[in-house]
Amino acid sequence: MAAFTIMTDSCCDLTAEMAAELELEVLPLSLELSGSVFRNFLDGREIGFQEFYGRIRKGEAAVTSAVSVGDFEAAMHTVLERGEDVLCICFSSALSTTYQSAVIAASGLQETFPERKIAVVDSLCASMGQGLLVWLCAQEKKSGKSFQEVCAFAEEQKGSICHWFTVDDLYHLKRGGRISAATAIFGSMLSIKPVLHVDAEGRLVNVDKARGRKASLLALVDQMEETAITPGYQTIFISHGDCLEDAKFVASEIRRRFGTQNIHINYVGPVIGSHSGPGTLALFFIGSNR
């Protein structure tokens with residue numbers, strides 16, 4: 001059975017340690033902040049997570065960029081040249097052109113390496129929802145599943161990765177066009193917090209609202225209670241926009257309600273954080289539907 005590498009991009013928001021343990025090839029997206037360009041490496045080598053959120057809180061605005069076709073070509077070429085196939089799992093095509101870049105790169109390289117297999121999966125996921133799908137695929141690979149089997153698993157599983165999140169600052173959603181200026185102003189005055197998810201097409205959708213921060217955090221766990229499949233036995237991912245204590249609170253509530261033991265917490269990276277802002281809290285799990 002031919003060896004293969006699982007490739008993804010930095011919007012998976014996995015820790016650098018986890019990516020290394022899973023032997024992933026991770027390509028960074030980029031952001032421009034006050035005239036300087038930073039690549040969003042998982043280890044924060046070009047801009048640290050706390051530094052990024054500190055600058056956003058002071059009013060700096062970031063512009064983000066997808067992984068280029070050339071970057072994917074170079075990374076895939078290296079893997080293919082050493083005799084391995086490539087399974088590339090990308091950030092939702094509804095939120096970034098990263099997936100399209102990977103498809104273009106794969107198409108060109110397939111002609112150069114006709115004996116090798118290259119599959120590009122549109123995860124329809126974001127942040128650690130994408131990370132959870134990649135993690136699950138890596139577990140399948142570790143268990144000895146073939147390239148074709150893991151590809152099929154990725155396509156089948158991605159529709160079950162549930163994303164529920166809330167934000168603390170409505171103005172970041174306003175800037176991204178997700179809500180109106182009036183909604184942002186009155187919502188902030190009344191301490192209204194949106195409850196959002198990523199739908200089956202990989203788009204951000206405003207589903208509900210809660211009065212106050214704690215209520216919005218509990219609403220995420222309520223959603224998990226409604227749709228999660230055997231939540232006590234799952235591996236759960238939580239990402240946060242520099243609000244670790246809130247992430248710990250959600251984790252403790254999940255443990256209290258379901259007895260779940262395996263919960264991984266990490267930052268929402270600078271690329272997604274540029275759009276969601278500080279105080280974002282997101283919960284990811286496997287559900288009966290999104």
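So, disulfides: a search of the whole structure, which is a predicted model, turns up zero of them. A disulfide is a covalent bond between the sulfur atoms of two cysteines, and here two cysteines are worth a look. Take C12 to begin with. C12 is in no disulfide, and the nearest cysteine sulfur, the one on C11, sits 8.1 Å away. The cut-off for calling a disulfide is 2.5 Å between sulfurs. C12 is also buried, at 0% relative accessible area. Then there's C137, again in no disulfide, with the sulfur of C151 as the nearest cysteine sulfur at 8.3 Å. C137 is buried too, with a relative accessible area of 0%.

Okay, next topic, the overall picture. The chain has eleven helices and 13 strands. What radius of gyration would you expect from a compact globule of 290 residues? Near 19 Å, and the chain has 19 Å, so the two agree. If you box up the C-alpha atoms along the principal axes, you get roughly 60 × 45 × 30 Å. Buried residues make up 56% of the 290 residues. And if you take contacts between residues at least 6 apart in sequence, 75% of those join residues at least 24 apart.

Let me zoom in on one helix, α3, residues 69-81. It has 13 residues, and at 1.5 Å a residue it should span 18 Å; its end C-alpha atoms are 18 Å apart, which agrees. Which residues of α3 are buried? They're F72, A75, M76, V79 and L80. Look down the axis of α3 and its buried residues fall within an arc of 135 degrees, so they line one face of the helix. What does that set of buried residues pack against? Quite a list: the strands β1 (4-9), β2 (25-27), β6 (85-90) and β7 (118-122), plus helix α4 (98-112). One more detail for anyone scrolling along the backbone here: α3 is followed by G83, and the phi of G83 is positive, near 90 degrees.

Now to a strand residue, L33, which lies in β3, residues 30-33. Is L33 buried or exposed? Buried, at 0% relative accessibility. Leaving out residues up to four places away in sequence, L33 touches F38, I47, F52, R55, I56, E60, A61 and A62. Pick I56 out of that list: I56 and L33 are 23 residues apart along the chain, and their C-alpha atoms are separated by 9.2 Å.

R55 is on that contact list as well, and that takes us to salt bridges. Side chains of opposite charge can pair when their charged atoms come close. With the usual N-to-O cut-off of 4 Å, the count in this model comes to 19 salt bridges. I'll walk through three.

The R55 one is with E51, and the closest N and O atoms are 3.4 Å apart. Where do the two partners sit relative to each other? They're four residues apart in helix α2 (residues 49-57), which means about one helical turn between them. As for exposure, E51 is partly exposed at 41% relative accessible area, while R55 counts as buried at 19%. Buried here means under 20%, so R55 at 19% makes it under the line.

Next pair: D246 with R213, closest N and O atoms 2.9 Å apart. D246 lies in helix α10 (residues 244-258) and R213 in helix α9 (residues 213-227), so this pair ties together parts that are 33 residues apart in sequence. D246 counts as partly exposed at 22% relative accessibility, and R213 counts as buried at 16%.

The last pair is E253 and R257, whose side chains meet in a salt bridge at 2.8 Å, N to O. These two are four residues apart in α10, so about one helical turn separates them. Here the acid is the buried partner: E253 has a relative accessible area of 9%, and R257 is partly exposed at 25%. And which residues does the wider network join? Salt bridges that share partners link D222, E225, E253, R256 and R257 into one network.

So, to recap: zero disulfides, 19 salt bridges, and a helix α3 whose buried residues line one face. Questions welcome.

Definitions and conventions. Residues are numbered from 1 along each chain as its sequence is written. This is a predicted model: local features need pLDDT of at least 70, side-chain atom pairs count only at pLDDT 80 or more; totals for chains, interfaces and linings use all residues. Side-chain values use heavy atoms; hydrogens and water are left out. Buried means under 20% relative accessible area, exposed over 50%, partly exposed in between (1.4 Å probe, protein chains only). The expected span of a helix is 1.5 Å times one less than its number of residues. The arc is that of the directions from the helix axis to the C-beta atoms. Contact means heavy atoms within 4.5 Å. The radius of gyration is taken over C-alpha atoms; the globule rule is 2.2 Å times the number of residues to the power 0.38.
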